[in-house]
Amino acid sequence: QVQLEESGGGLVQAGGSLRLSCAASGRTFGRYAMGWFRQAPGKERETVSAISRGGGRTYYADSVKGRFTISRDNAKNMVYLQMNSLKPEDTAVYYCAAASTVSTNTYYSNRLSYNYWGQGTQVTVSS
């Protein structure tokens, strides 16, 4: 099992940046593909970005491509989401999630593939 805790959310003006962090417990972090998701009020949870176990493959939703960067540090059990050029429509609760997988080179863009979820961190972008 793995436990996840997000941090780094907050209030930022449009055009600003935030860096979200997700700390994972346990000694098997490297066995999990990771993803970032978000959910705005009244909307379904959507995939933002995903990264393979080894970090070599990444996925971005079209809405964030070119603005967000996902990365991971397996030695520190951490995954990050660097968010630049933030827009009001990026306002949401952001969740990190872990997907158990034997593949080192696969990311998962479907939230149903994820076994473990954090509690979320609020990101609010003002116009």
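Strands β9 and β10 pair in the antiparallel sense, over two bridges. Strand β10 covers residues 116–117, and within it Tyr116 is the bridge partner of Ala98. Before I go on: this is a predicted model.

Let me stay with β9, residues 92–100. What else does β9 pair with? One partner is strand β4, residues 32–39, which pairs with β9 over eight bridges, again antiparallel. You can find the register from Phe37, which stands opposite Tyr95 in β9. Another partner is β11, joined to β9 by three bridges and also running antiparallel. There, Ala92 stands opposite Val123 of β11. As for burial, seven of the nine residues of β9 are buried, so the strand is largely enclosed by the rest of the structure.

Next, β11, residues 121–126. Its side chains alternate. Thr121, Val123 and Val125 point to one face and are buried; Gln122, Thr124 and Ser126 point to the other face and are not buried. Strand β11 also pairs with strand β2, residues 10–13, and that pairing is parallel, over four bridges. In that pairing, Gln13 stands opposite Ser126 of β11.

A word on pairing in general. Strands of a sheet pair through backbone hydrogen bonds, either parallel or antiparallel.

Now the loop between β8 and β9, where Pro88 sits. Is Pro88 buried, partly exposed or exposed? Its relative accessibility is 34%, and partly exposed means between 20% and 50%, so Pro88 counts as partly exposed. Leaving aside residues up to four places away in sequence, Pro88 touches Ala14, Val125 and Ser127. Val125 is one of the buried residues of β11. Pro88 can also be set against Gly15: the two are 73 residues apart in sequence, while their C-alpha atoms are 9.1 Å apart in space.

That leaves the sheet that contains β8. Which strands form it, and in what order? Four strands form this open sheet, and the order is β1-β3-β8-β7, with antiparallel pairing. The edge strands are β1, residues 4–7, and β7, residues 68–73, each of which pairs on one side only. From one strand to the next, the twist averages 15 degrees. Inside the sheet, β3, residues 18–24, is joined to β8, residues 78–83, by six bridges, and the two run antiparallel. If you want a point to look at in that pair, Cys22 stands opposite Val79 in β8.

Terms used. Residues are numbered from 1 along each chain as its sequence is written. This is a predicted model: local features need pLDDT of at least 70, side-chain atom pairs count only at pLDDT 80 or more; totals for chains, interfaces and linings use all residues. Side-chain values use heavy atoms; hydrogens and water are left out. Two strands pair if DSSP finds at least two bridges between them. Axes are lines fitted to C-alpha atoms, for helices over the stretch in contact, and angles run from 0 to 180 degrees between N-to-C directions. Buried means under 20% relative accessible area, exposed over 50%, partly exposed in between (1.4 Å probe, protein chains only). Contact means heavy atoms within 4.5 Å.
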